Amino acid sequence: MRAVKATDTTHRGLAGALSVSVPTARRIAALLDTVPGIDPDARLRGLLAAPRPLPRRSRTSPTPPPHRSVANSPVPLGTPARLVAQSRALTNGERRVINALRHRPFGATARAVAGLSGVSVGHTRRCLRHLERLGVARVDIQARSWGYSQLRRRLWRLDYSGNSRCAQMLGLLTRSPVRAAATDDDMVPAEFWFCFWSGTPADQLRISTDGLLIAETLVGGHHPAARLWALNTLPAEVLRRCRSLRGCDTGKNAAAIDAALASRRG
């Protein structure tokens with residue numbers, strides 16, 4: 001095929017220089033003819049002499065674009081080129097999922113990872129499965145204490161076992177804050193359920209309806225973390241009512257409630 005010169009301003013020469021079809025080149029030339037005060041031939045020569053823009057990255061391409069070579073990128077010395085390519089091919093959702101797993105070194109469920117990363121649960125699961133195939137994430141089935149019982153959960157975490165792929169890829173990705181984990185604000189945290197040893201199970205108690213019982217049990221109890229949670233979290237009106245109950249109207253319990261109410265007013 002005959003090479004097209006950069007100064008060839010014919011329709012066929014313009015098409016070859018711009019990698020477009022001849023009809024498209026004809027339309028470009030026609031548009032330039034309609035601009036007053038501009039020599040079409042001079043304008044075409046200027047377009048052909050200007051540097052061509054870099055090709056846009058395809059959404060389906062698993063490799064980085066050619067102009068982002070490993071040699072010109074600020075990557076740690078000795079990082080494998082294939083690993084650099086894989087890190088650049090990660091989607092925005094996969095990067096956010098990796099960032100969320102960084103903040104949960106002991107593992108988290110897919111739903112918890114979704115809450116931390118701001119990605120939907122379904123897309124988070126797809127990202128986790130892809131990261132598992134890359135050797136960056138792993139899943140384990142573990143039993144965790146939850147209130148009164150043991151629950152078996154699939155916990156995802158970063159995979160540091162037996163290879164340095166995960167650690168090297170983390171070195172290529174920036175770390176950023178995560179969203180606050182979603183919780184049920186009307187429930188007693190599961191780690192304090194054991195404080196309710198009689199009556200209604202703690203997993204069925206709600207602050208909106210059982211706030212006084214919760215306050216009396218935790219403020220008057222012997223668990224310092226539970227007491228602190230109740231003083232800082234329960235509504236002020238519930239604490240005022242608790243202040244009038246026997247056992248909370250005098251002594252250290254009364255002083256703690258007064259201090260909590262005073263800090264909220266301040």
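In this predicted model, a useful place to begin is Ile 214, which touches Val 188, Phe 196, Leu 205, Arg 206, Ile 207, Trp 229 and Leu 234 when residues up to four places away in sequence are not counted.

Ile 214 also belongs to the largest nonpolar core, a set of 26 residues. Ile 214 is among the residues with the most contacts inside this core, together with Phe 196, Leu 218, Trp 229, Leu 234 and Ile 257. Four helices, α9, α10, α11 and α12, each supply at least two residues of the core. The helix that gives the most is α9, with five residues. There is also a second, separate core, made of 22 residues, including Ile 98, Leu 116, Leu 158 and Leu 170.

One of the helices that supply the largest core, α11, can be followed in more detail. Helix α11 spans residues 236-243, and Val 238, Leu 239 and Cys 242 are buried in it. These three lie on the same side of α11, because they cover an arc of only 100° around the axis. The cover over the buried residues of α11 includes α9 (207-219), α10 (224-233) and α12 (251-265).

Helix α6, at residues 110-117, leads to the second core through Leu 116. The buried residues of α6 are Ala 110, Val 113, Ala 114, Leu 116 and Ser 117. They cover an arc of only 165° around the axis, so they too sit on the same side of their helix, α6. After α6 comes Gly 118, which has a positive phi, near 80°.

Methods. Residues are numbered from 1 along each chain as its sequence is written. This is a predicted model: local features need pLDDT of at least 70, side-chain atom pairs count only at pLDDT 80 or more; totals for chains, interfaces and linings use all residues. Side-chain values use heavy atoms; hydrogens and water are left out. Buried means under 20% relative accessible area, exposed over 50%, partly exposed in between (1.4 Å probe, protein chains only). The arc is that of the directions from the helix axis to the C-beta atoms. Contact means heavy atoms within 4.5 Å. A nonpolar core is a set of buried Ala, Val, Leu, Ile, Met, Phe, Trp, Tyr and Cys residues joined through side-chain atoms within 4.5 Å.
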